[in-house]
Amino acid sequence: MASSAVSLAGLEKSYDYIIVGGGTAGCVLANRLTEDKDVHVLLLEAGDDKTTDPLVLTPGLVAAVYGKDEYDWNFQSVPQSTLNNRIINQARGKMLGGSSALNFMMLVYPSKASIDAWAAVGNPNWNFEALKPYLKKFATVDVPSASTKDICSITYNNDTVAYGEGPVQVSFGEGYGVTNKGWFDTFASLDLLSKTDARDGQALGAFQNASSIDPATKTRSFSAVTYLTPEVRARENLKILTNTHVNKVLFDTTGSEPVATGVEINVNGIVSQVSANLEVILSAGALQSPQILELSGVGGKEILAQHNIPVVVENPAVGEGMQDHPIVCQSFEVKEGTPSGDVLRDPAVLKALLDMYTADRSGPMGQLTISVAYTPLVNKTGVISDEGVQQLFAGRDFSNPARAAVRDIVANPNEPTFQYILFPTQVHIADKPDNMATHLIPVEPENFLTVMTILNSPFSRGSVHIQSADPKAAPVWDPKYNHDDLDMELLARGVQFVEHLVAPDAALGKLLNQAGRRLPQLKADDLETAKEIVRQRQISVFHISGSCPMRPREQGGVVNERLQVYGAKGLRVVDASIFPVEPAGNIQSVVYSVAERAADLIKEDRKAGKV
């Protein structure tokens, strides 16, 4: 039977597949690969099993897990020169379910063009049509209620067609109110309400995102709960080992090409080896999958030599190509009577809401009331003309296929350059945040709402690399935000557009105290001020990807179209690190879908004897 005990008791000497990382993707693979009773799988997770923990399950308590070692890896970037040398925090799930257990549960589908870009950079078998069946496979999407449709202007959902019957439960909730209505009315006045169902790959304008919240229980629906059900855990061909740190992948290097033969693990200080009969699959995420590769001798020879690690496969692309959605957070003081989540600073209010939730799952603690919008390239005057877009690109080099693919998305007036988010509380930006909760705990006495500007298709590329040969030492993460100055130019224009949303005559603006405070106390009337807002208020939206990209090897690829690591046999990567181009929107839907497709690819290769 499957076990999540910390003990090595019952651990076999070998398994057909060893999955490193029991996160969003790893749990999907463990479920799907063990559907075949003849296949034996070992799932290894460095954190614990928190599937019954109220802090994880209760949507309204999401901030309570950040920075706590038993839940969160809590990575920090190197100082970012383009952001006033601030350090950027990166919350990563350190438990079964990974980051699906501590994200904000936003369920947004990618645009068709942002996935088709994967094909454009050398992966002809990966486009939106190839991924679409898996976007349906991973989740069951609940139908929004009549009141939710009315408040959030949902006229575009095709509710007559069932969208998926998968494990993850997705819903819309009932907690939307005047601020959400103000959001949608404001975008309607700008002729930017969505007219199409984003699940079909194209959406532009304001729309109500769903959330990975089970509508029956009002609890977080995440991979460890949905894919590792009691029935799945009871499979005799699945072994789950938590609190298990993977030191490195082991290789047989006696043949013409290195073959992954297993992993070295550390459990309670006891170092052991476990063999893989067929494959080792890395699903440790965009920071730690490349870290494990480098610790195992797969990476750039200079980096490996610095730490006295023998080279098994030389590939300097490992850990490069890191991407993230930059997000700029501007908070605005609300009028008295306008709802704000900042009231949760009062312990009596928090207790009352928790009591409601505990009693019958009612109230805001079981809901997510964030609303979103997609827009093309905009600025202080509205949507930028085709001529204005071309002027922005003039004289720049787009010879790199990935760079050209991003340009084509940004230049397309029917594609979302920006994602805007209406967030129900203030956001505090510290130069050196202790953790993600630093941003979310209200420190200002007034009540605020926050408008967030996200660049969907960034041009900048960062890196992540080991800092020592110690497997437990955090990697060095340098996202290099806005190192391509085009990102700063785009973000600044997106920030300028926010002034339309909060203007005194806008429906949303009427809910704000126009004489009140802003965070920061700057107004983006000109481009330089908008850039300063970016420098002061941009953080990560926690969508890191691309550090083991799926591309042709000669173009900087680490894995091929079947997610197999170049230069080695029996080794794959399945997580967001393989994304060659960052998809539009919140990426958990794409991580789930990639993992579902990867499971099918692995099954196909086993049946064809290609392992």
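## Lining of the second largest pocket

Four elements each give at least two residues to the lining of the second largest pocket: α6 (178-189), α11 (347-360), β23 (418-423) and α14 (437-440). The largest share comes from α11, with 3 residues. This is a predicted model.

By class, the lining holds 26 nonpolar, 10 polar and 3 charged residues.

## Volume and centre

The second largest pocket encloses about 1,100 Å³ of space. Its lining counts 39 residues. Closest to the pocket centre are G60, G341, L344, P424 and T425.

## Overall fold

The protein chain has 17 helices and 29 strands. Among them are the helices α6, α11 and α14 and the strand β23, named above for the pocket lining.

Contacts in the chain often link distant positions. Of those with a separation of 6 or more, 76% join residues 24 or more positions apart.

## Dimensions and surface

How does the radius of gyration of the protein chain fit a compact globule, and what is its value? The chain has 23 Å; a compact globule of 611 residues would have a radius near 25 Å, so the two agree. Along the principal axes, the C-alpha atoms fill a box of roughly 70 × 60 × 45 Å.

What percentage of the 611 residues is buried? Buried residues make up 62% of the protein chain. The exposed surface of the chain comes to about 21,800 Å². Carbon and sulfur atoms supply 51% of that area.

Conventions: Residues are numbered from 1 along each chain as its sequence is written. This is a predicted model: local features need pLDDT of at least 70, side-chain atom pairs count only at pLDDT 80 or more; totals for chains, interfaces and linings use all residues. Side-chain values use heavy atoms; hydrogens and water are left out. On a 1 Å grid over the protein atoms alone, a cavity is a set of points where a 1.4 Å probe fits but cannot get out, and a pocket is an open set with protein on both sides within 12 Å along at least five of seven lines; lining residues have an atom within 4 Å of a point. Grid points are joined across faces, edges and corners, and a volume is the space filled by probe spheres set on the points. Ala, Val, Leu, Ile, Met, Phe, Trp, Tyr, Cys and Pro count as nonpolar, Asp, Glu, Lys and Arg as charged, and the others, Gly among them, as polar. The radius of gyration is taken over C-alpha atoms; the globule rule is 2.2 Å times the number of residues to the power 0.38. Buried means under 20% relative accessible area, exposed over 50%, partly exposed in between (1.4 Å probe, protein chains only). Contact means heavy atoms within 4.5 Å. Accessible areas come from the Shrake-Rupley method with a 1.4 Å probe; for residues, only the protein chains shown count as cover.
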